[in-house]
Amino acid sequence: MSTLLETIARVRREVCDLHAELTRYGLVVWTAGNVSGRIPGYDLMVIKPSGLSYDALTPENMVVTDLYGIPVRGTNTGSGGTVDWGNPALSPSSDTAAHAYVYRHMPEVGGVVHTHSTYATAWAARGEEIPCVLTMMGDEFGGPIPVGPFALIGDDSIGQGIVETLKNSHSPAVLMQNHGPFTIGKDARSAVKAAVMCEEVARTVHISRQLGEPQAIDQAKIESLYNRYQNVYGR
């Protein structure tokens, strides 16, 4: 059991530290936005608590939940006795149900991020995908950044929209209509990188449109860019 607790402690530190990247890149305001990370090998995740300011976050106040978003307050493990998960008396993020749904239905995903970053959210407000007009988009997203359906917060409806939109897409980012971007990755750091890159290309393509119509990239070239970057470059 000590191995599990050590893993939880490690993921708590990682998830806590990665929230600083959201503020560093200007992707969040006030207490909005969140990072979560899967506990490898277990049906558990770690996520930011609800309503806590970013400068007050510590590894100890990251909340451990099951993959239905229910905080783990302690459990009996038979001969091992009762495990102290070290969970704070805090509620997990209001987006927990969406994160949990993604983990349940996309086992390859190890991290999920949600922000309301300005430019990406502006595209989401228009209900418009970000077209793939930059080689960087080909590299990172393998095509346009798609739009997911409108869904109300509070249950796993948002998670359903994320999964349905991304399951047949190269993109690790989705713009949930009238809401904002969600990103996924093999771990929490990869999901944060996707969030940073999503906002960067959203801003750049928006500016390009103010100057004229951006030039589309041929789909075959997009696939070539994506395959090289994902499978060759830096690997």
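Here are three short exercises on the sheet of this predicted model, each with a worked solution.

**Exercise 1. The sheet and its edges**

Find the strand order of the open sheet of 7 strands, and work out why strand 3 and strand 7 each have one side without a neighbour.

*Solution.* Start with the order, which reads 3-2-1-6-9-8-7, with mixed pairing. Next, look at the two ends: strand 3 (63-66) and strand 7 (147-148) stand at the edges. Each has a single partner strand, so one side of each is left without a neighbour in the sheet. Helix 6 (residues 188-211) packs on the sheet, where it touches strand 1 (34-38), strand 6 (111-114), strand 8 and strand 9 (180-185). The direction of helix 6 makes about 145° with that of strand 9.

**Exercise 2. Pairing around strand 2**

Trace how strand 2 pairs with strand 1 and with strand 3, parallel or antiparallel.

*Solution.* Take strand 1 to begin with: strand 1 and strand 2 are antiparallel, over 3 bridges. Ser36 stands opposite Ile47 in strand 2. The hairpin of these two strands has 5 residues between them, and there Gly41 takes a positive phi near 85°. Now turn to strand 3, which pairs with strand 2 in the antiparallel sense over 4 bridges. Here Met45 has Thr65 as its bridge partner.

To finish, check the faces of strand 2 (residues 44-47): Leu44 and Val46 lie on one side, Met45 and Ile47 on the other, and all are buried.

**Exercise 3. The strand 7 edge**

Determine how strand 7 runs relative to strand 8.

*Solution.* Strand 7 and strand 8 (residues 173-176) run parallel, joined by 2 bridges. For a residue to look at, pick Val147, whose bridge partner in strand 8 is Leu175.

Technical notes
Residues are numbered from 1 along each chain as its sequence is written. This is a predicted model: local features need pLDDT of at least 70, side-chain atom pairs count only at pLDDT 80 or more; totals for chains, interfaces and linings use all residues. Side-chain values use heavy atoms; hydrogens and water are left out. Two strands pair if DSSP finds at least two bridges between them. Contact means heavy atoms within 4.5 Å. Axes are lines fitted to C-alpha atoms, for helices over the stretch in contact, and angles run from 0 to 180 degrees between N-to-C directions. Buried means under 20% relative accessible area, exposed over 50%, partly exposed in between (1.4 Å probe, protein chains only).
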